[in-house]
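Subject: Handing over the protein–DNA model

Hi,

Here is the structure I promised to pass on. Have a look at it first, and then read my notes below.

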2 protein chains.
Amino acid sequence: MIAVSSSRVASVIRVLLAEDQGMVRGALATLLNLEDDIEVVGEAADGDEALTVAARTRPDVALLDIEMPGKDGITAAASLREALPDCRIVILTTFGRPGYLRRAMESGASAFLVKDSPAKELAAAIRRVLAGERVIDPALAAAALSAGPNPLSPRERDVLAASADGSTIGDVAGRLHLSEGTVRNYLSSAIRKTSARNRIEAVQTAQRQGWL
Amino acid sequence: MIAVSSSRVASVIRVLLAEDQGMVRGALATLLNLEDDIEVVGEAADGDEALTVAARTRPDVALLDIEMPGKDGITAAASLREALPDCRIVILTTFGRPGYLRRAMESGASAFLVKDSPAKELAAAIRRVLAGERVIDPALAAAALSAGPNPLSPRERDVLAASADGSTIGDVAGRLHLSEGTVRNYLSSAIRKTSARNRIEAVQTAQRQGWL
DNA sequence: GGTTCGCGATGACATCTGTCATCCCTGGTC
DNA sequence: GACCAGGGATGACAGATGTCATCGCGAACC
């Protein structure tokens, strides 16, 4: 054998990093590139960019932040799953919300990491995921299971989400092409299901649970 | 002179890093330690810890995240300013809110960085700050100046902040030892001053401006 | 001494919200 | 065919919310 066809070592893990905060993205990329068996082959600042970069670089693992402008990490994960079925997905997020974990898993993610955990766990998770394991914080998994699924119907979810920015009922009705009474009814049942006392509390619990 | 009393190089910059998200903190520390002239001599996960670690390590520069549990970065900056007047302060934050910038500067910070900016700017800012410069994103500075100061009176601010979590007027009145009518009056004027249509919008604009 | 401003309060009023009962229609499912 | 669950709507009602005028008090300022 005269020459190796590719210069890269067989065991190097090719990673795509999608994270909107430039400083965090740069720091994480540096951190990962220090590992002998990991190489960051692509970076993206939002979900859409992550998909185009992934199509070009064909990474072994995609590291996706949830909180990104435009297409969020979970939505991007679902699209990526179709485009590159062999690419493992690691979801990285600021908030360990039960609903996030549930949706991430349903979108085909292999790991779910919160940014609170130590930095060394990132590389470890990437290696474990490539070995076929699933990586989830046990405490968070328990919380997600005990919290149960999203109790809101799709329409209740829509209306609650549209009310989250302080819009008045009239605004929401106009935006969703519903009558004001209907909006009030959906809000009322959303408030009941979230055990809240008003719309604001309902929005907050729903967000805390990752239901929006 | 028989021996140098300290083994450290004269030009090494000793940095304290306060950031609550472990993964980000670890990655930033790694990034900074890669620089020849910078050494992270202490890490902290919240504002109070930052103060104790700073007292022990006496850093040249303190890198403080704003969004931390317990004592936030701006409050910590003010305390640090008293305890270690020679320590330069760099504020690092997710949100480039005008009010944050203003308060950070009033607390004695020398630099204000948003996490959106590229990772390489961090080390650059640390060096410039130590050289006596102030480092502020020009666009953000302009926004802070054009936005003007916080129009809310201290009490309006209190009441609005207490209403942010969806509490009812009765709750807020009880918590702040005010009559319900007074709370309504303060909320009403806060709503007027923020050009909002209701309490929720008022809370949102106030937060977006960094007025809470 | 007069003025202004912030804090705190009251009462009245109009409107917005949240709840409930009730209705129609549609697409399952047993 | 009977029987739900959802989506969508209406009307009525109580209570919460937002606005306004008005008052008293004390501190600051000219």
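What follows is a walk through how the two protein chains meet, how they touch the DNA, and the salt bridges.

Some housekeeping first: this is a predicted model, in which local features need pLDDT of at least 70 and side-chain atom pairs count only at pLDDT 80 or more, while totals for chains, interfaces and linings use all residues. Residues are numbered from 1 along each chain as its sequence is written, chains are lettered from A and ligands numbered from 1 in the order in which they are written, and side-chain values use heavy atoms, with hydrogens and water left out.

**How the two chains are arranged**

In general, a rotation about an axis and a shift along it relate two copies of a chain. Here, chain B lands on chain A after a rotation of 180 degrees with 0.0 Å of shift along the axis, and the RMSD is 0.0 Å. That is the relation of a two-fold axis. The superposition is by least squares on the C-alpha atoms of residues with pLDDT of at least 70 in both copies. If you want to find the axis by eye, look for Ala27(B): its C-alpha, at 2.5 Å, comes closest to the axis among the residues of chain B.

**Where chain B meets chain A**

Counting contact as heavy atoms within 4.5 Å, 32 residues of chain B touch 33 residues of chain A. The copies meet through the same surface, because 100% of the interface residues of chain B are also interface residues in chain A.

The buried area between the two chains is about 2,500 Å², with 62% of it from carbon and sulfur atoms. (Buried area is the accessible area, with a 1.4 Å probe, that two parts lose on being put together, summed over both.) Which three residues of chain B supply more of its buried area than any other three? They are Gln21(B), Met23(B) and Ile200(B), with 27% of what chain B buries against chain A.

There are two salt bridges between the chains, a salt bridge being a side-chain nitrogen of Lys or Arg within 4 Å of a carboxyl oxygen of Asp or Glu. One of them joins the side chains of Asp171(B) and Arg197(A), at 2.7 Å from N to O. The interface also has 14 residue pairs in polar contact, both residues at pLDDT 80 or more. (A polar contact is a pair of N or O atoms within 3.5 Å; within protein, one must be able to donate a hydrogen and the other to accept it, and residues adjacent in sequence count only if both atoms are side-chain atoms.)

On chain B, helix H1 (22-33), strand S5 (111-114) and helix H10 (199-209) each supply at least two residues of the side that touches chain A. Helices (H or I, at least four residues) and strands (E, at least two) are DSSP runs, numbered from the N terminus. H1(B) gives the largest share, eight residues.

**The DNA**

For the DNA, a residue is near a strand if one of its heavy atoms lies within 4 Å of it.

Strand D has 17 residues around it, and Arg155(A), Ser179(A), Asn185(A), Tyr186(A) and Asn185(B) come nearest. Arg155(A) puts a polar side-chain atom 2.5 Å from a phosphate oxygen of strand D, and Thr182(A) has one 3.0 Å from a phosphate oxygen. The largest share of the surface near strand D, five residues, comes from H9(A).

Strand C has 18 residues around it, and Ser153(B), Arg155(B), Ser179(B), Asn185(B) and Tyr186(B) come nearest. Of the strand C atoms within 4 Å of the protein, 63% belong to sugar and phosphate. A backbone N or O atom of Ser179(B) is 2.8 Å from a phosphate oxygen of strand C, while a polar side-chain atom of Asn185(B) is 2.9 Å from a base oxygen of strand C. Here H9(B) gives the most, with five residues.

Arg184(A) is worth clicking on. A polar side-chain atom of Arg184(A) lies 3.3 Å from a base nitrogen of strand D, and one lies 3.1 Å from a base nitrogen of strand C.

**Salt bridges overall**

Over all chains the count is 22 salt bridges. One example is Glu43(A) with Arg25(A), whose closest N and O atoms are 3.2 Å apart. This pair links distant parts of the chain, with Glu43(A) in strand S2 (residues 38-44) and Arg25(A) in helix H1 (residues 22-33), 18 residues apart.

Cheers
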